[in-house]
2 protein chains.
Amino acid sequence: MTELNNFFKSAFTVDNVIFGFDEGDLKVLLIKRGEEPFKNRWALPGYFVYPNEDLDTAAKRVLEEMTGIRNVFLEQVKTFGAVNRHPFGRVITVAYFSLIRIDNYEVQTSSAVARKAEWHSVSKLKNLPFDHQEILDACFQRLKWMVRYRPVGFELLPNKFTLTELQHLYEAILETELEKRNFRKKILSMNLLIDLDETQEGVAHRPARLYKFDKDKYEQLLADGFNFELKEGKKKMEGVS
Amino acid sequence: MTELNNFFKSAFTVDNVIFGFDEGDLKVLLIKRGEEPFKNRWALPGYFVYPNEDLDTAAKRVLEEMTGIRNVFLEQVKTFGAVNRHPFGRVITVAYFSLIRIDNYEVQTSSAVARKAEWHSVSKLKNLPFDHQEILDACFQRLKWMVRYRPVGFELLPNKFTLTELQHLYEAILETELEKRNFRKKILSMNLLIDLDETQEGVAHRPARLYKFDKDKYEQLLADGFNFELKEGKKKMEGVS
DNA sequence: GCAAAAGTGTTCTCGGTACACCCATGC
DNA sequence: GCATGGGTGTACCGAGAACACTTTTGC
């Protein structure tokens, strides 16, 4: 046991990759660090996990401190534990990603660690401190994957949205272009959208219909063995010898 | 900083779910614990991560201590950190899973922690100690998923195998039945198998052809954007209103 | 009336599914 | 010769892909 005690000298943290979607662009919420290390740098929100706190709980707490909200999509992605990833000692971090509707919530930070929080375009980020770039990349990959197999995209959109908005979201995440008619046909054929019989107002073109995602129906279909699945954009691979 | 030191009191471990395939059955390698807690119980092999050791390295080390082998498929799956999951204190564990060819290696344990190691049928296990059942389930789910989208099944088979063996492997992992002709058509159409022009010997029926997996070709196709994909067994879902 | 985005249908191709019989070997 | 698993082909169907023009609104 005395020997074992040598192992109880590590710390662990959670880091949250919080995705949002705005102006046709996929964003991630970063904080300006108020403490060392990397004081004043933009980084992923995260904090130590308290001794009596489960991992998921810690991730929820960090998310709530950042955004003031609960009950959003949140899922563990991967754990990063390179020996020297943190200058203060051995700290491994469990990365979570979450999806929120940017418009629904004013981002607020009640944490002393963070001076302020701000949305940044995922595609423009590089060289985040610690191994946060690697963490972000891993979460983005996971999102890319997940969006094709689970209807999580709706977590990023307002409750009411147009099909074009939905398509742009998919295009931003998958980093590809989708064909309008086929996309609409596929999405509508799943019967997971409720047509609200409302239209946009005040737009300088033909106003689009508004839809909402039918979560109850999805869950019922899931139980029946339904598989949500969206193919990627362009056709690839021709002529395998 | 003094306050921060309160966080550096945790330990973390890796646990390995080592899958193998034998006699048409998916197996997992368990050790009989030689130490407390849960002494003499069958459990997943795992150990503390050393202070100067990366996570992946630790997972490889544990695997090597168990099986004496290196260079097998090994991937991080999920981290488990419930507050009371370990009786000795706050210990979070990073779960890895790996795939090995049972016949290639004599399982040997050089670890003091493990009295002996043995293969157990995945389907028959329940109530493993700690949260190991949950870990095993998560890894099995991951394997089920992965086997459909990456040609990892071959890691579990001998270098030379028959198509029927391959099919049985998929059936065991996916827990479903597959239709022989369609399975063969699909697999062969991928052009990822090399026909060895050899046949089984000493079997009391028409001997089957032997194949091997063409790893180089797969990697080359991957680079060209090829997607390995296998559908699940039975057709599901009829009549979405 | 013009700019800007919404909305819509058909044809073709490919891959998945369903399904039943003959073949080679050991004993 | 019989038991055992190996091996094969075809017809049908549904989903994805390609593709261009009309509609509705604000200004």
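Colleague: What percentage of the atoms of DNA strand C within 4 Å of the protein belong to sugar or phosphate?
Modeller: 45% belong to sugar or phosphate, and the rest to bases. This is a predicted model, where local features need pLDDT of at least 70, side-chain atom pairs count only at pLDDT 80 or more, and totals for chains, interfaces and linings use all residues, while side-chain values use heavy atoms, with hydrogens and water left out. Residues are numbered from 1 along each chain as its sequence is written, and chains are lettered from A and ligands numbered from 1 in the order in which they are written.

Colleague: Which residues come nearest to strand C?
Modeller: A:T164, A:K180, A:R184, A:R209 and B:V203, out of 21 residues around DNA strand C. A residue is near a strand or molecule if one of its heavy atoms lies within 4 Å of it.

Colleague: What does A:T164 do there, in distance terms?
Modeller: An N or O atom in the side chain of A:T164 is 2.8 Å from a phosphate oxygen of DNA strand C. A:R209 has a polar backbone atom 2.7 Å from a phosphate oxygen of that strand. On the base side, a polar side-chain atom of B:R181 lies 3.1 Å from a base nitrogen of DNA strand C. A polar contact is a pair of N or O atoms within 3.5 Å; within protein, one must be able to donate a hydrogen and the other to accept it, and residues adjacent in sequence count only if both atoms are side-chain atoms.

Colleague: And strand D, which residues are closest?
Modeller: A:R206, B:K180, B:R184, B:H205 and B:R209, with 22 residues surrounding DNA strand D. B:K180 has a polar side-chain atom 2.6 Å from a base nitrogen of DNA strand D, and for A:N182 the corresponding distance to a base nitrogen is 3.0 Å. The elements giving two or more residues to this surface are α4 of chain A and α4 of chain B.

Colleague: How does the surface near strand D divide by class?
Modeller: Into six nonpolar, five polar and 11 charged residues. Ala, Val, Leu, Ile, Met, Phe, Trp, Tyr, Cys and Pro count as nonpolar, Asp, Glu, Lys and Arg as charged, and the others, Gly among them, as polar.

Colleague: New topic. How many helices and strands in chain A?
Modeller: Five helices and nine strands. They are DSSP runs numbered from the N terminus: helices are H or I, at least four residues, and strands are E, at least two.

Colleague: How can chain B be laid on chain A?
Modeller: By a turn of 180 degrees and a shift of 0.0 Å along the axis, with an RMSD of 0.0 Å. The copies are thus related as by a two-fold rotation axis. The superposition is by least squares on the C-alpha atoms of residues with pLDDT of at least 70 in both.

Colleague: How many aromatic pairs are there over all chains?
Modeller: 35. One of them is edge-to-face: A:F19 and A:F97, with ring centres 6.0 Å apart and planes at 75 degrees. Rings of Phe, Tyr and Trp (its six-membered ring) pair if their centres lie within 6.5 Å; planes under 30 degrees apart count as stacked, over 60 as edge-to-face and the rest as tilted.

Colleague: Where in the chain are A:F19 and A:F97?
Modeller: A:F19 is in strand β1 (residues 11–22) and A:F97 in strand β6 (residues 91–99), 78 residues apart.

Colleague: Is A:F19 buried or exposed?
Modeller: Buried, at 0% relative accessibility. A:F97 is also buried at 0%. Buried means under 20% relative accessible area, exposed over 50%, and partly exposed in between (1.4 Å probe, protein chains only).
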